[in-house]
Structures are given as structure tokens and as C-alpha cells.
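Walk through the fold below, beginning with its interior and ending with a few local details of the backbone.

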Amino acid sequence: MGWTRLRERINQLPLVLAGPILRRVEPNSVTVWVALKQSRTVTLAIFDTNKKVLLTGRRKTTQLGRNLHVVAVTAKSVSAALLYGENYLYNLAFNPGE
């Protein structure tokens, strides 16, 4: 089994190259970082355990290389929606061409 250059196998890799990584959590915001192989607008939604949406946010990736696009997307609320010690769910959506 030999070594193959990344540019020769990039199309076989998944969209998400690294992450998601939880970067910051406050009572009214959550930030998640992710690295992708293609440009996308990333939407972050935070839910309670009953799947009620508490926070949302979206942000377009920034290109750092030919096949490297990163984003730190923050979901926010005007009021404190998150409580210390509680569990929450999240979802990331990757929308092309926005």
C-alpha cells in the first residue's frame, strides 16, 4: 500500500475534514468550528432535549486553501436561553451556493 497525494484522493474524502469542535458556550450563544473541503453556508441550530429550537445562526465559510474552507458559526439569542448543567442538542446544515 503506497502513499497517494492528497490532490489525487480529495474527491473521495467527506465534506467535513475536521470538526465540528465546540468553541464557546454562553447563556445566549454557542459557537462551533468546522473545516470543509468545499465552500458552504453553515447553519447551526441549538435545541433543548424536547427538540425545541433555542438558538440559530449561519455563516459562510472562509477559503484558506484550494480544498480548505473553515467557519466558526455562532447561534445567538437576545435572552439567556441556555442553563448551566443542562444538556442540549445541535445540528449543522451545509448549504451550497448561498
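**The core and what surrounds it**

In this predicted model, the largest nonpolar core has 13 residues, and those touching the most other members are Val30, Val42, Leu44, Ile46, Leu55, Val73 and Leu92. Strands β2, β3 (41–47) and β6 each supply at least two residues of this core. The most come from β2, which gives four.

Val30 shows how the parts of the chain meet. Leaving aside neighbours within four places in sequence, Val30 is in contact with Leu22, Arg24, Val25, Leu44, Ile46, Leu55, Val73, Thr74, Ala75 and Leu82. Among these partners, Leu44, Ile46, Leu55 and Val73 are also listed with the core residues that touch the most other members.

Next to Val30 in the numbering is Ser29, which lies in strand β2. Is Ser29 buried or exposed? With a relative accessible area of 10%, Ser29 falls under the 20% limit and therefore counts as buried. Beyond its neighbours within four places in sequence, Ser29 is in contact with Arg24, Leu55, Thr74, Ala75, Lys76 and Leu82.

The whole chain can now be set around this interior. The secondary structure comes to one helix and seven strands, and from the N terminus on the order is α-β-β-β-β-β-β-β. Of the 98 residues, 29% are buried. Among contacts between residues at least 6 apart in sequence, 55% join residues at least 24 apart. The radius of gyration is 16 Å, whereas a compact globule of 98 residues would have one near 13 Å. Along its principal axes, the C-alpha trace spans about 50 × 30 × 20 Å.

Next comes the empty space. Rolling a probe the size of a water molecule over the atoms shows where such space is left. The largest pocket has a volume of about 280 Å³. Its lining consists of 17 residues, and Leu22, Val25, Val30, Leu82 and Tyr88 lie nearest its centre. Two or more lining residues come from each of β1 (16–26), β2 (29–36) and β7. The element that gives the most is β1, with five residues. By class, the lining has 14 nonpolar, one polar and two charged residues. Val30 thus belongs to the pocket lining as well as to the nonpolar core, and its contacts include Leu22, Val25 and Leu82.

Two backbone details deserve a look. Most residues other than glycine have a negative phi, and most peptide bonds are trans. The peptide bond from Gly19 to Pro20 is cis, with omega near 0°, and Pro20 lies in strand β1. Lys51 has a phi near 70°, a positive value in a residue other than glycine. Lys51 is found in the loop between β3 and β4 (53–60). Its relative accessible area of 64% is over 50%, so Lys51 counts as exposed.

A second loop, between β6 (68–76) and β7 (89–95), holds Glu86. How exposed is this residue, and what is its relative accessible area? Glu86 is partly exposed because its value of 48% lies between the 20% and 50% limits. The C-alpha atoms of Glu86 and Thr49 are separated by 9.1 Å, although the two residues are 37 apart along the chain.

Note on methods. Residues are numbered from 1 along each chain as its sequence is written. This is a predicted model: local features need pLDDT of at least 70, side-chain atom pairs count only at pLDDT 80 or more; totals for chains, interfaces and linings use all residues. Side-chain values use heavy atoms; hydrogens and water are left out. Buried means under 20% relative accessible area, exposed over 50%, partly exposed in between (1.4 Å probe, protein chains only). On a 1 Å grid over the protein atoms alone, a cavity is a set of points where a 1.4 Å probe fits but cannot get out, and a pocket is an open set with protein on both sides within 12 Å along at least five of seven lines; lining residues have an atom within 4 Å of a point. Grid points are joined across faces, edges and corners, and a volume is the space filled by probe spheres set on the points. Ala, Val, Leu, Ile, Met, Phe, Trp, Tyr, Cys and Pro count as nonpolar, Asp, Glu, Lys and Arg as charged, and the others, Gly among them, as polar. Contact means heavy atoms within 4.5 Å. A nonpolar core is a set of buried Ala, Val, Leu, Ile, Met, Phe, Trp, Tyr and Cys residues joined through side-chain atoms within 4.5 Å. The radius of gyration is taken over C-alpha atoms; the globule rule is 2.2 Å times the number of residues to the power 0.38.
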